[in-house]
Amino acid sequence: LLGLALFIRRRTGRLPWQDGACLLLKESFGVPAEDLMEADIHSMSEVTAAAQAAEAFCRRHGQSEKIVNHIALCIEEMAGNVIQHGFAPGGKNHLSIRVLRKPDHWVLRFRDDCRAFDPIHYVPATT
């Protein structure tokens with residue numbers, strides 16, 4: 001354990017129990033708070049608000065209208081599909097969206113707690 005602690009200290013410059021040092025993530029892994037937009041979605045009515053918030057976020061960062069529209073459309077379509085096909089009827093499901101501005105690209109992250117998608121039930125039976 002001592003060897004592992006020394007390795008983590010040498011690699012990250014932090015003690016193993018400090019602020020996720022055991023993850024050994026590079027300094028470039030995250031983004032500053034001003035380059036991050038998060039939205040939590042619980043219903044279809046919140047999808048449009050999240051897409052509009054992403055549009056405003058991207059515009060504030062000087063992104064072209066084409067990219068702004070693509071990001072908003074991705075959020076609308078993907079979040080709508082998750083809610084329509086993944087949320088349990090009457091359940092308390094949750095969808096979290098993150099939009100990250102990196103120096104040379106954008107990252108969209110969707111995380112949900114919905115039932116798993118089973119593609120076997122969507123493939124037509126062959127005879």
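This passage describes the fold, strand pairing, nonpolar core, salt bridges and surface of a predicted model. In this predicted model, local features require pLDDT of at least 70 and side-chain atom pairs count only at pLDDT 80 or more, whereas totals for chains, interfaces and linings use all residues. Residues are numbered from 1 along each chain as its sequence is written, and side-chain values rest on heavy atoms, with hydrogens and water left out.

The secondary structure of the chain consists of three helices and three strands, where helices (H or I, at least four residues) and strands (E, at least two) are DSSP runs numbered from the N terminus. Along the sequence these elements follow the pattern α-β-α-α-β-β. Of the 127 residues in the chain, 26% are buried; buried denotes under 20% relative accessible area, exposed over 50%, and partly exposed the range in between (1.4 Å probe, protein chains only). Among contacts (heavy atoms within 4.5 Å) between residues at least 6 apart in sequence, 52% join residues at least 24 apart. The chain exposes about 9300 Å², of which carbon and sulfur atoms supply 57%; accessible areas were obtained by the Shrake-Rupley method with a 1.4 Å probe, and for residues only the protein chains shown count as cover.

Strand β2 pairs with both β1 and β3, two strands being paired if DSSP finds at least two bridges between them. Strands β1 and β2 run antiparallel and are joined by six bridges; Asp40 has Ser96 in β2 as its bridge partner. Seven bridges join β2 to β3 (residues 106–112), again in an antiparallel arrangement, and a hairpin of four residues connects β2 to β3. Within this pairing, Arg98 has Arg109 in β3 as its bridge partner, and Arg101 stands opposite Trp106 in β3. Strand β2 is mostly covered, with five of its seven residues buried.

The largest nonpolar core comprises 22 residues, among which Ile41, Ile75, Leu95, Ile97 and Val99 touch the most other members. A nonpolar core is a set of buried Ala, Val, Leu, Ile, Met, Phe, Trp, Tyr and Cys residues joined through side-chain atoms within 4.5 Å. Two or more residues of this core are given by each of β1, α2 (45–60), α3 (65–86) and β2. The largest share, seven residues, comes from α3. Apart from neighbours within four places in sequence, Ile75 is in contact with Val47, Ala50, Ala51, Ala54, Gly80, Ile97, Val99, Leu108 and Phe110.

The structure holds four salt bridges, each defined by a side-chain nitrogen of Lys or Arg within 4 Å of a carboxyl oxygen of Asp or Glu. In general, side chains of opposite charge can pair when their charged atoms come close. Asp35 and Arg101 form one such salt bridge, with an N to O distance of 3.2 Å. This pair links distant parts of the chain, 66 residues apart: Asp35 lies in the loop between α1 (2–12) and β1 (36–41), and Arg101 in strand β2 (residues 95–101). Asp35 is buried, with a relative accessible area of 12%, whereas Arg101 is partly exposed at 30%. A further salt bridge joins the side chains of Arg98 and Glu38 at 2.7 Å, N to O. That pair likewise links distant parts of the chain, with Arg98 in strand β2 and Glu38 in strand β1, 60 residues apart. Arg98 is partly exposed, at 29% relative accessibility.

The side chains of Glu65 and Arg59 also meet in a salt bridge, at 2.8 Å from N to O. Glu65 is partly exposed at 40% relative accessibility, and Arg59 is likewise partly exposed at 40%. Glu55, Arg59 and Glu65 are linked in a network of salt bridges. The C-alpha atom of Glu55 is separated by 9.3 Å from that of Ile67, twelve residues away along the chain. Ile67 is found in helix α3 and is partly exposed, with a relative accessible area of 30%.

At the surface, Leu1, Leu4 and Phe7 make a nonpolar patch of about 380 Å². Patches are made of residues with over 30% relative accessible area and no salt bridge, with like charges joined within 9 Å and nonpolar side chains (Val, Leu, Ile, Met, Phe, Trp, Tyr) within 5 Å. Phe7 lies in helix α1 and is partly exposed, with a relative accessible area of 42%.
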